[in-house]
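Dear colleague,

I am passing on the structure below, and after it you will find my notes on what turned up when I went through it. Please read them with the coordinates open beside you.

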Amino acid sequence: MCCDLKRRFLLLYATQKGQAKAIAEEIWQQAGAHGLEADMHCMSEMDKYNLETEKDPVVIVISTTGTGDPPDTARKFVKKIQDTTLPPDHFTHLQYGLLGLGDSEYTFFCNGGKTVDRRLQELGAQHFYDTGLADDCVGLELVVDPWIDGLWLALKEAFLLQKEKEGMSSDVDAVSSSLSAAPHVVHELNLSSEVQNLKLEDGGVRNSDVLTQKLVDINLVASAGDTEPSLVHSVPPVSQSALNIPALPPEYIEVQFQDTHGENPHLSSLISEGTTFEVPVTKAVQLTSEDAIKTALLLELDIADTVFDYQPGDAFCVICPNNVNEVEELLQILGLSEKGEHFICVKVKQGTKKKGATHPQHIPERSTLKFILTWCLELRAIPKKAFLRALVECTSDAGEKRRLQELCSRQGASDYTRFIRESNVCLLDLLHAFPSCKPSLNLLIEHLPKLQARSYSVSSSNLYQPGKLSFVFNIVEFPACSTRAVSRKGVCTGWLAELVAPLLHPNKNTLDTKGGNPSTEKISIFARPNNTFHLPADPSVPFMMVGPGTGISPFIGFLQHRQKLREERTDWEFGETWLFFGCRHQHRDYLFKQLKCFLENGTLTHLKVCFSRDSSTAEVTPPKYVQDAIRLYAKEVARVLLKERGYFYVCGDKKHMADGVSDAVVDIISMEMEVDKLEAMKILAMLREAKRYLQDVWS
């Protein structure tokens with residue numbers, strides 16, 4: 001533990017993709033400048049801390065994953081504190097402050113943090129600092145930065161209160177002066193008009209939390225004709241401001257190049273979430289016409305020779321690589337084109353100042369450079385401010401250096417949001433925009449997150465098609481723009497589309513010479529079961545499905561499963577089924593015209609389809625969107641949901657569809673039950689809680 005107990009606080013983090021850990025590390029780093037020491041641990045390391053006996057303030061940083069769940073690293077902790085036998089005064093000795101991370105695009109915003117916060121309160125713990133809830137939808141930093149700024153005063157007051165409670169008031173002045181003497185370190189760097197001295201070489205600067213810069217010439221970056229900011233160019237007031245930039249993250253990785261002999265690890269070794277299966281793609285169908293705005297594909301996988309199992313409504317993950325051309329391009333920029341096939345050994349740097357530095361779990365101990373860039377690192381990740389701060393040190397051009405500092409500074413927060421975050425800028429975009437930036441390989445390994453497997457909803461039923469698994473996706477397109485020199489496809493959807501091109505467009509070049517069939521490609525997958533988005537356990541219960549576009553995917557599995565059950569269980573009673581589907585054009589992107597077959601054989605009781613971009617000559621204008629169609633059947637929705645205790649499923653885009661659907665349902669409840677909107681919202685919340693209003697949505 002720390003040498004000065006009274007200036008120590010416990011810092012816990014629980015992370016899924018690394019963001020909570022990075023923020024905790026920033027708090028740990030800043031603590032030293034305030035005369036404090038953060039005793040930092042991952043929440044899963046329960047043998048290294050004990051809240052039952054903790055006397056010092058506790059700071060918690062926790063993210064949210066899935067449909068409002070705490071991250072995997074918090075599961076044991078949450079299970080422990082949710083023990084119903086714990087008395088209500090279990091944590092009355094505990095003072096804590098909590099920072100929750102989430103995304104308001106999803107229904108249960110910051111629910112991981114809220115769950116822990118609520119339970120600690122129920123067990124008697126007290127806030128020494130107000131809870132912060134940061135929204136990744138608009139930018140975590142908008143809440144995180146001011147929350148951290150205010151943390152130090154709150155800790156100071158908590159320490160003073162702690163002293164007073166212990167009856168050591170005589171020491172209060174000493175503690176107060178000690179904390180006051182711990183400076184909020186500010187280094188001033190005076191720059192000439194040519195910004196010759198912009199390079200930050202002061203070791204003190206590297207460990208401080210703030211760097212203030214005074215510009216003598218405010219037109220260093222801007223040319224006379226530029227009046228609008230861009231990724232590479234700023235305008236007043238940012239271009240004139242002294243900047244508060246993050247502390248330089250300490251380096252902690254070293255890379256050793258070896259020979260070209262050996263084998264790369266199997267892809268299964270990169271996955272900790274479960275068993276991986278390598279399965280062939282046996283079928284690919286383009287569901288949209290060539291002139292559709294989006295291209296939707298259906299792929300069928302053969303899982304017959306595996307123990308992979310699923311239910312309709314489940315999701316699964318595809319392990320995908322980065323684009324091969326982007327990997328080659330990055331190697332070229334790094335000057336490592338000749339080293340791609342060389343094996344490298346990645347180790348923690350001896351003597352690093354990074355707290356608790358460990359070998360990144362997603363990086364193999366030994367593999368080729370190209371393997372790491374292809375399968376391990378998320379090259380398309382939006383760079384965090386800490387990464388931009390590190391890139392400053394690798395940039396030789398003074399103007400480019402200044403702009404990178406602006407983008408990671410407090411003063412440049414809106415520019416960061418506009419030109420980095422909202423523009424989906426990635427590392428390659430930055431390296432093109434700032435050509436004098438030449439980062440080292442170890443820097444990329446330190447700052448680029450793990451390449452995540454991509455999740456897809458199952459679009460089939462194992463009962464209906466034993467040994468088969470189907471899924472549907474749109475090929476994601478990122479058009480070229482001012483911040484992106486070239487257009488790109490989604491990492492996984494682009495790769496899958498290229499992989500199955502021979503199945504979609506067979507020709508003499510792709511035919512197998514023996515069988516006359518296109519060669520079979522394989523992909524690696526692993527299960528991601530959904531605990532709630534399943535058919536009602538009682539088949540007699542009615543349910544409604546809302547799934548425009550590719551949101552229809554899981555409902556195809558629902559209907560296939562229901563059809564097979566109806567064939568096999570003729571003595572069962574089956575409730576009515578509704579499907580609301582929508583797309584732009586009837587003849588371009590009506591993904592599953594065979595829905596009519598489900599309607600004809602009685603599997604589907606009601607099918608309501610709307611086309612948002614087709615013109616109509618009907619006397620009564622048909623509904624454009626699924627939420628409009630739902631309103632037309634208000635009485636039926638109310639009957640199924642409220643009187644018959646049915647289920648309501650929504651799948652698809654959250655911002656432009658799912659929110660509109662929930663608004664429509666609230667209005668229907670309000671109208672049919674004759675209650676005000678607030679009461680209707682409470683009823684919908686109860687339906688969610690009862691798992692009868694279910695969503696599988698994405699942003």
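Arg8 is buried, and Glu54 is buried as well, in what is, I should say at once, a predicted model. The side chains of these two residues, Arg8 and Glu54, meet in a salt bridge with an N to O distance of 2.7 Å. This pair links distant parts of the chain, 46 residues apart, since Arg8 belongs to strand S1 (residues 8-14) while Glu54 sits in the loop between strand S2 (37-42) and strand S3 (58-62). In the model as a whole the count comes to 31 salt bridges.

Another pair that you may wish to look at is formed by Arg454 and Glu378, whose side chains meet in a salt bridge at 2.8 Å, N to O. Here too distant parts of the chain are linked, with Arg454 in strand S15 (residues 454-457) and Glu378, 76 residues apart from it, in the loop between helix H8 (369-376) and helix H9 (385-392). Arg454 has a relative accessible area of 23% and is therefore partly exposed, whereas Glu378, with a relative accessible area of 8%, is buried. Returning to the pair described at the start, salt bridges that share partners join Arg8, Glu54, Asp39 and Asp56 into one network.

A local case is found in helix H3 (residues 111-122), where Glu122 and Arg119 lie three residues apart, about one turn of the helix. Their side chains, those of Glu122 and Arg119, meet in a salt bridge of 3.0 Å, N to O. Glu122 counts as partly exposed because its relative accessibility is 44%, and Arg119 counts as buried because its relative accessibility is 13%.

Helix H4 (residues 141-165) deserves a separate word: its 25 residues reach 35 Å from the first C-alpha to the last, which is close to the 36 Å expected at 1.5 Å a residue. The helix H4 nevertheless bends by about 30 degrees at Leu151.

As to internal space, the count comes to two cavities of 30 Å³ or more, and the largest cavity has a volume of about 100 Å³. Among the residues that line the largest cavity are Leu270, Ile271, Ile319, Cys320, His362, Trp375 and Lys450. Sorted by class, the lining of the largest cavity has eight nonpolar residues, two polar and one charged.

With best regards

Methods:
Residues numbered from 1 in each chain as written. Predicted model: local features only at pLDDT ≥ 70, side-chain atom pairs only at ≥ 80, totals over all residues. Heavy atoms only, no water. Helix = DSSP H or I, 4+ residues; strand = E, 2+ residues; numbered from the N terminus. Expected span 1.5 Å × (residues − 1). Bend = angle between axes of the 7 residues up to and from the residue. Salt bridge = Lys/Arg side-chain N within 4 Å of Asp/Glu carboxyl O. Buried < 20%, exposed > 50% of the residue type's maximum accessible area, 1.4 Å probe, protein only. 1 Å grid on protein atoms, 1.4 Å probe; cavity = no way out; pocket = protein on both sides within 12 Å on 5 of 7 lines; lining within 4 Å. Points joined across faces, edges and corners; volume = space filled by probe spheres on them. Nonpolar A, V, L, I, M, F, W, Y, C, P; charged D, E, K, R; others polar.
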